Amino acid sequence: MAPVEIMEDLFFIQRGYLNGNHFVYRSERPILIDTGYISDFQTTEELIKRLAVDITNTKLIVSTHCHCDHIGGNKIVQDRSSCDIAIHKIGKYFVDSRDDWSTWWKYYDQDASFFNCSIGLGDGDMISVGPHEFEVIYTPGHATDGIVLYNRKERTLISSDTLWENDMAVMTIRVEGSRACFSLMESLGKLEKLDVKVVYPGHGKSFTDVAGAIERARRRLEGFLGNKEKIGNDLLKKIIIYTLLMKKGADESSFFDHLMTTHWFRENVDFYFEGNYRSKYDEIMNGFYRRGIVKIKCDKLLTSVRP
């Protein structure tokens with residue numbers, strides 16, 4: 001989709017599921033908020049160039065958390081521009097210590113590159129995006145280092161993966177810890193107190209029904225807490241699709257065998273579904289086939305989900 005100007009010279013670029021949405025402040029020294037997934041960086045750069053922005057002049061990247069779909073272009077842009085990169089101080093620790101487990105990259109078998117993080121952000125910090133002042137609000141749950149950015153003057157919230165309109169980001173309890181759902185509940189409580197006119201999420205289109213989105217997320221979390229198998233099903237479905245997007249499809253005959261080599265698939269089926277690997281895989285894939293989310297073309301699995 002074409003970039004949309006949401007404040008003077010600040011543009012929202014909506015992507016799909018493989019790549020998180022990102023933002024560009026257009027100036028002689030541009031500022032980027034999130035940078036998509038590494039394998040799609042050529043598309044990311046092309047979208048940025050539409051704004052007559054040269055990434056070699058980038059002054060700053062603000063990362064809302066260190067998951068691969070939000071930091072994919074960080075090292076590339078930094079190598080070309082020597083820009084600063086700001087992320088929550090916990091994410092900075094993960095990056096500085098080269099912890100590819102807490103960042104999810106190794107756990108989910110994702111491509112990503114470490115970068116130099118020069119600024120560690122904290123709850124309540126203010127960050128300038130050109131003339132636009134954003135408050136940093138710490139919102140753990142989906143990600144231990146998750147933040148949102150709030151512009152009080154324009155009543156605008158960049159919610160990243162803390163709040164989507166009709167769905168919610170995957171909950172990886174096996175990395176984020178048993179408190180993750182409770183942490184996200186508390187984070188939603190923080191957002192509920194804000195005066196927000198429009199939300200720009202980490203995935204999906206912008207929306208204005210903030211109260212409705214928060215309520216839907218709360219109900220989803222309550223369902224997760226009431227039945228942990230719902231967490232497992234949600235995770236397996238989302239990460240299988242994400243894996244197909246990362247790999248741009250997969251051989252139908254060997255995809256299950258590939259999943260069995262990953263940390264995340266075996267561990268989550270063990271934890272939530274008593275190690276019934278093949279039956280759980282078949283159940284999920286048959287559901288995808290019925291709904292047209294996954295199709296087999298020339299013996300290759302392809303997803304209809306937009307990257």
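**Entry 1: aromatic rings**

I started at W101, which has 32% relative accessibility and so counts as partly exposed. I note at the outset that this is a predicted model. Next I looked up Y107. At 0% relative accessibility, Y107 is buried.

I then asked how W101 and Y107 are arranged as an aromatic pair. I counted the aromatic pairs and reached 17. W101 and Y107 form one of them, and the arrangement is edge-to-face. Their ring centres lie 5.1 Å apart, with 75° between the planes. The label follows because planes over 60 degrees apart count as edge-to-face.

F256 and Y281 came next. I found a tilted pair, 5.2 Å centre to centre, with 55° between the planes. Which helices hold these two residues? F256 lies in helix α9, residues 255–259, and Y281 lies in helix α11, residues 277–291. The pair therefore ties together parts that are 25 residues apart in sequence.

Are F256 and Y281 buried or exposed? F256 has a relative accessible area of 11%, so I logged F256 as buried. Y281 is at 3%, and I logged Y281 as buried too.

I followed the ring pairs onward. They link W101, W104, Y107, Y108, F255, F256, W264, F265 and Y281 into a cluster. Both pairs I had looked at have their residues in that cluster.

**Entry 2: charges over rings**

I turned to lysines and rings. Which ring does the charged end of K228 sit over? I found the ring of F271 there, with the charged end 4.5 Å from the ring centre. I also checked K280. K280 lies over the face of F273, at 3.9 Å from the ring centre.

**Entry 3: closed spaces**

I went looking for empty space. Rolling a probe the size of a water molecule over the atoms shows where such space is left. How many cavities of 30 Å³ or more does the structure hold? I found four.

The largest cavity has a volume of about 170 Å³. I listed 15 residues in its lining. Closest to the centre are D69, W104, H142, V170 and Y242. W104 is a name I knew already from the ring cluster.

I asked which helix gives the largest share of this lining. The helix is α8, with three residues. Helix α8 spans 228–246, and α2 spans 68–71; each supplies at least two lining residues. By class I noted eight nonpolar, four polar and three charged residues.

The second largest cavity has a volume of about 40 Å³. Its lining is T64, H65, T139, H142, A143, G146, I147, S160, D161 and T162. I saw H142 here again, as it also helps line the largest cavity. By class this second lining has two nonpolar, seven polar and one charged residues.

**Entry 4: the largest pocket**

I moved on to the open spaces. The largest pocket holds about 580 Å³ of space. I noted 19 lining residues. Which of them lie nearest the pocket's centre? I wrote down Y17, W164, D167, K238 and V305.

Two helices, α8 and α11, each supply at least two residues to this lining. Helix α8 gives the most, with four residues. I remembered α8 from the largest cavity, where it supplies three lining residues. By class the pocket lining divides into seven nonpolar, four polar and eight charged residues.

**Entry 5: Q78**

I picked out Q78. Its place is in helix α3, residues 74–81. Q78 has a relative accessible area of 11%, so I logged Q78 as buried. What does the side chain of Q78 reach? I found the backbone oxygen of N116 at 2.8 Å.

**Entry 6: positive phi**

I ended with backbone angles. S82 has a positive phi of about 60°, although S82 is not a glycine. S82 lies in the loop between α3 and β6, the latter being residues 84–88. I logged S82 as exposed because its relative accessible area is 65%.

Where is D299 found? I placed D299 in the loop between β14, residues 294–297, and β15, residues 300–303. Phi of D299 is positive as well, near 65°, and D299 is a residue other than glycine. D299 has a relative accessible area of 57%, so D299 counts as exposed.

Conventions. Residues are numbered from 1 along each chain as its sequence is written. This is a predicted model: local features need pLDDT of at least 70, side-chain atom pairs count only at pLDDT 80 or more; totals for chains, interfaces and linings use all residues. Side-chain values use heavy atoms; hydrogens and water are left out. Rings of Phe, Tyr and Trp (its six-membered ring) pair if their centres lie within 6.5 Å; planes under 30 degrees apart count as stacked, over 60 as edge-to-face and the rest as tilted. Buried means under 20% relative accessible area, exposed over 50%, partly exposed in between (1.4 Å probe, protein chains only). A charge sits over a ring if NZ of Lys or CZ of Arg is within 6 Å of the ring centre and within 35 degrees of the ring normal. On a 1 Å grid over the protein atoms alone, a cavity is a set of points where a 1.4 Å probe fits but cannot get out, and a pocket is an open set with protein on both sides within 12 Å along at least five of seven lines; lining residues have an atom within 4 Å of a point. Grid points are joined across faces, edges and corners, and a volume is the space filled by probe spheres set on the points. Ala, Val, Leu, Ile, Met, Phe, Trp, Tyr, Cys and Pro count as nonpolar, Asp, Glu, Lys and Arg as charged, and the others, Gly among them, as polar. A polar contact is a pair of N or O atoms within 3.5 Å; within protein, one must be able to donate a hydrogen and the other to accept it, and residues adjacent in sequence count only if both atoms are side-chain atoms.
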